[in-house]
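Let's work through some exercises together. Keep the sequence and the 3D view open, try each task yourself, and then follow the solution step by step.

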Amino acid sequence: MEYNVIVTQVIEFLGTFAFAISGIRHAAAKHFDWFGGYVCGIAVAIGGGTIRDVMLGATPFWMTTPIYMICTALALIFVIIFARHLEGLRNTWFVFDTLGLALFTIAGIQKSLAFGQPYWVAIIMGCITGSAGGVIRDILLNNEPVIFHKEIYAMAAVLGGVTYWALDILGVTVEVTVIASFIVTCLIRFLAVRYHLSLPTLKDE
């Protein structure tokens with residue numbers, strides 16, 4: 001059990017690191033200074049979880065430990081030092097970003113349930129935890145939010161949450177439920193990017 005906790009923490013740290021790098025790289029494309037890059041990195045790394053905690057009436061998670069601030073600072077240093085080599089690691093960061101999406105979605109669901117929220121609220125909170133940070137980043141950068149016009153992203157979190165709900169109703173153990181939800185979220189995201197899947201677009205007159 002302790003081994004599983006350690007593995008989860010390591011993957012969550014990598015997911016946070018990847019989320020922070022995505023924000024910093026987007027800021028670099030806009031020629032922001034180092035502080036601006038750090039703010040964008042923070043927005044992605046803690047934005048969704050902060051919104052979730054405020055809506056749940058809880059102390060924002062990043063205020064209980066400095067690890068997320070430190071992680072984002074390390075991501076900024078990494079981008080500054082290895083900026084020329086990051087382009088070749090695009091697929092690697094995409095994988096970490098997807099792992100982070102799945103892990104933070106599950107974390108959002110579990111925390112919401114722990115606060116006594118019904119499952120439909122927990123699923124929404126899971127989606128917010130995993131994807132709202134990217135929306136904040138895009139607003140800061142004056143870009144159209146990626147989740148509204150690119151491959152399926154937030155919907156992968158929603159479907160992963162529905163999987164969590166369904167398995168819990170069936171009485172499946174928490175361990176299996178978490179693993180299945182994680183796999184579904186990641187698989188949907190991978191398939192969406194691989195085959196350029198997206199929701200139908202709205203048409204004007």
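**Warm-up: finding Leu 14**

Leu 14 belongs to helix H1, which covers residues 2-29. Helices here are DSSP runs of H or I with at least four residues, strands are runs of E with at least two, and both are numbered from the N terminus. This is a predicted model, in which local features need pLDDT of at least 70, side-chain atom pairs count only at pLDDT 80 or more, and totals for chains, interfaces and linings use all residues. Residues are numbered from 1 along each chain as its sequence is written, and side-chain values use heavy atoms, leaving out hydrogens and water.

**Exercise 1. Decide whether Leu 14 is buried, partly exposed or exposed, and find the nonpolar patch it helps to make.**

Step 1: Take the cut-offs: buried is under 20% relative accessible area, exposed is over 50%, and partly exposed is in between (1.4 Å probe, protein chains only).

Step 2: Leu 14 has a relative accessible area of 31%, so it is partly exposed. Phe 13, also in helix H1, is partly exposed too, at 32%.

Step 3: Both residues help to make a nonpolar surface patch of about 900 Å², whose other members include Trp 34, Ile 67 and Phe 82. A patch is made of residues with over 30% relative accessible area and no salt bridge; nonpolar side chains (Val, Leu, Ile, Met, Phe, Trp, Tyr) are joined within 5 Å, and like charges within 9 Å. Areas come from the Shrake-Rupley method with a 1.4 Å probe, and for residues only the protein chains shown count as cover.

Step 4: H3 gives the most to this patch, with seven residues.

**Exercise 2. Describe the surroundings of Thr 72.**

Step 1: Find Thr 72 in helix H3 (residues 67-82).

Step 2: Its relative accessibility is 0%, so Thr 72 counts as buried.

Step 3: Look for contacts, meaning heavy atoms within 4.5 Å. Leaving aside neighbours within four places in sequence, Thr 72 touches Ala 20, Ile 24, Tyr 38, Gly 41, Ile 42 and Ala 45.

Step 4: Finally, the Thr 72 side chain reaches the backbone oxygen of Tyr 68 at 2.9 Å.

**Exercise 3. Which residues are linked in a network of salt bridges?**

Step 1: Recall that a salt bridge is a side-chain nitrogen of Lys or Arg within 4 Å of a carboxyl oxygen of Asp or Glu. Side chains of opposite charge can pair when their charged atoms come close.

Step 2: The structure holds three salt bridges. Asp 53 meets Arg 52 at 2.9 Å, N to O, and Lys 111 meets Asp 53 at 3.0 Å.

Step 3: Lys 111 lies in helix H4 (residues 90-114) and Asp 53 in helix H2, so this pair ties together parts that are 58 residues apart in sequence.

Step 4: The network therefore links Arg 52, Asp 53 and Lys 111. Arg 137 forms a salt bridge with Asp 138, with the closest N and O atoms 3.0 Å apart.

**Exercise 4. What is the phi of His 31, and where is this residue found?**

Step 1: Most residues other than glycine have a negative phi.

Step 2: His 31 has a positive phi of about 65° although it is not a glycine.

Step 3: His 31 sits in the loop between H1 and H2. With a relative accessible area of 71%, His 31 is exposed.

Notes:
A polar contact is a pair of N or O atoms within 3.5 Å; within protein, one must be able to donate a hydrogen and the other to accept it, and residues adjacent in sequence count only if both atoms are side-chain atoms.
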